[in-house]
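User: I would like to learn how to read a structural model one feature at a time. Could you take me through this one, giving the general idea before each case?

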Amino acid sequence: MIRFVTALLAVGVGCTPPPPAEAPEPPLPQLSQGMAWAPPSWFPAPARDRLWVLDELDGDPRFDRGPRVRARGAILADLDNGEILWARDPDGLRPIASITKLVSSLALASVGNLPTRLDREVCISFEQWPSRPGARSKFETDDCHEGWELLGAALVASDNRGAYAFPRLTERDYFEFIGRMNEVGHDLGFDKATFEDPSGLEDGNLASPRDVLKAVTAVSLHPTLQIAATARSWLVEPSRGQRRVLSTNRFLRDDHGFDTLAAKTGYTDTAYYCLAAVFQSQASGRRYGAVVLASPKSRTRFQDVIALLSWAEDQT
């Protein structure tokens, strides 16, 4: 639970006589006063009222035993009841790879009017080129793109250069934007998460399964971000012509009995295979949040999530 520190008020010395010796001394001002968490003001209304569910995700799991999954970190929540159903190492910090893009998109959304910013055009430069080997992008240097293209490519196809352009869309420099990402994590009730780049390529992007659950739940409730977080494909227009990029979320291509309300995959050599998503059951109508971190193979992260969802339906 986030706590805010209140300032001490200076106490002036009056001119009246001191109280009798036997009178009790007045209490000293408190150094801090706990305040309940509340949804951040930058989150759009009326969806902000539904964000209260994040405060309920700090509870202990309802079940000690859950499904068999191979991910090293995992968490499963019933978002309709605001209840953690089962978890494995829910508060352990791990590299989260491209799941970081959920947080960087929320940081983008937290600065000014998001639809207006997404209408802006940004020209790609070498400043938006990630230096890590293997980091690919559909965007070419000197091409200019609207923010909608950049956001969609980042959340749908996990395009790294799209995410690196987010600071330009907010009209902040790179390090100011990274600071904003960490502030957004604080706003949403993350515990000890830290972020060092917008795309998730750096190993210093660390968060727990519980933190990631809060991030993907917030994206699923955001009226603009949710559009990109559920799209099967997205249209971008590089200089060589229009190109449609496909989602990395295979759940959008397969009928598994659950509708995707938001999802993001991630992979690096240190984070292994990760997946965070919010689903709605076609059978029961219930909404579930599921996160798996450090799954050994690409297919096992999807198998792990299916195991979590199937088990949740049996329990609820």
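Analyst: Please keep in mind throughout that this is a predicted model. A convenient place to begin is a single residue and its surroundings: Glu171 has a relative accessibility of 59%, and because exposed means over 50%, Glu171 counts as exposed.

User: Where does Glu171 sit, and what is its phi?

Analyst: Glu171 is found in the loop between helix 6 (166-169) and helix 7. Its phi is near 60°, which is a positive value in a residue other than glycine.

User: Which strand holds Ala294, and is Ala294 buried or exposed?

Analyst: Ala294 belongs to strand 11 (residues 287-295), and it too is a non-glycine residue with a positive phi, of about 60°. Its relative accessibility is 7%, and since buried means under 20%, Ala294 counts as buried.

User: Backbone geometry also includes the peptide bond itself, so what kind of peptide bond joins Ala45 and Pro46?

Analyst: The bond between Ala45 and Pro46 is cis, with omega at about 0°, and Pro46 is located in the segment that precedes helix 1 (47-50).

User: How should I think about the interior of a protein, and which residues have the most contacts inside the largest nonpolar core here?

Analyst: In soluble globular proteins, nonpolar side chains tend to be buried together. In this model the largest nonpolar core has 69 residues, and those with the most contacts inside it are Phe43, Leu51, Ile99, Leu106, Leu151, Phe166 and Leu188. Helix 8 supplies the largest share of this core, namely seven residues. Apart from this core lies another, of 21 residues, which includes Ala74, Phe258, Ala290 and Trp311.

User: Why can helix 8 be described as largely enclosed by the rest of the structure?

Analyst: The reasoning rests on burial: 13 of the 13 residues of helix 8 are buried, so the helix is largely enclosed by the rest of the structure. Helix 8 covers residues 209-221 and reaches 18 Å from its first C-alpha to its last, close to the 18 Å expected at 1.5 Å a residue. One of the contacts of Ile99, leaving aside neighbours within four places in sequence, is Val212, and others include Lys264, Thr265, Cys274 and Leu293.

User: When two helices pack together, what do their axes tell me, and at what angle do helix 2 and helix 4 cross?

Analyst: One reads the separation of the axes together with the angle between them. For helix 2 (residues 100-109) and helix 4 (residues 147-156), the axes come within 10 Å and cross at roughly 155°, which means that helix 2 is roughly antiparallel to helix 4. The crossing is left-handed, and in it Lys101, Leu102, Ser105 and Leu108 of helix 2 meet Leu151, Ala154 and Leu155 of helix 4.

User: How far apart are the axes of helix 2 and helix 7?

Analyst: The axes of helix 2 and helix 7 (residues 174-187) are 9 Å apart, and the two helices pack at an angle of about 100°, so helix 2 is roughly perpendicular to helix 7. Among the residues making this contact are Val103, Leu106 and Ala107 of helix 2, together with Phe177, Met181 and Val184 of helix 7.

User: Finally, which residues does Leu261 touch beyond its sequence neighbours?

Analyst: Leu261, a residue of strand 9 (residues 258-268), touches Ser220, Gln226, Thr230, Val278, Phe279, Gln280 and Arg287, not counting residues up to four places away in sequence. Its C-alpha is separated by 5.4 Å from that of Phe279, although Leu261 and Phe279 are 18 residues apart along the chain. At 18% relative accessibility, Leu261 counts as buried.

Notes: Residues numbered from 1 in each chain as written. Predicted model: local features only at pLDDT ≥ 70, side-chain atom pairs only at ≥ 80, totals over all residues. Heavy atoms only, no water. Helix = DSSP H or I, 4+ residues; strand = E, 2+ residues; numbered from the N terminus. Expected span 1.5 Å × (residues − 1). Buried < 20%, exposed > 50% of the residue type's maximum accessible area, 1.4 Å probe, protein only. Core = buried A, V, L, I, M, F, W, Y, C linked by side-chain atoms within 4.5 Å. Contact = heavy atoms within 4.5 Å. Axes fitted to C-alpha atoms, helices over the stretch in contact; angles between N-to-C directions. Parallel < 35°, antiparallel > 145°, perpendicular 65-115°, else oblique. Left-handed = near helix turned anticlockwise from the far one by under 90°.
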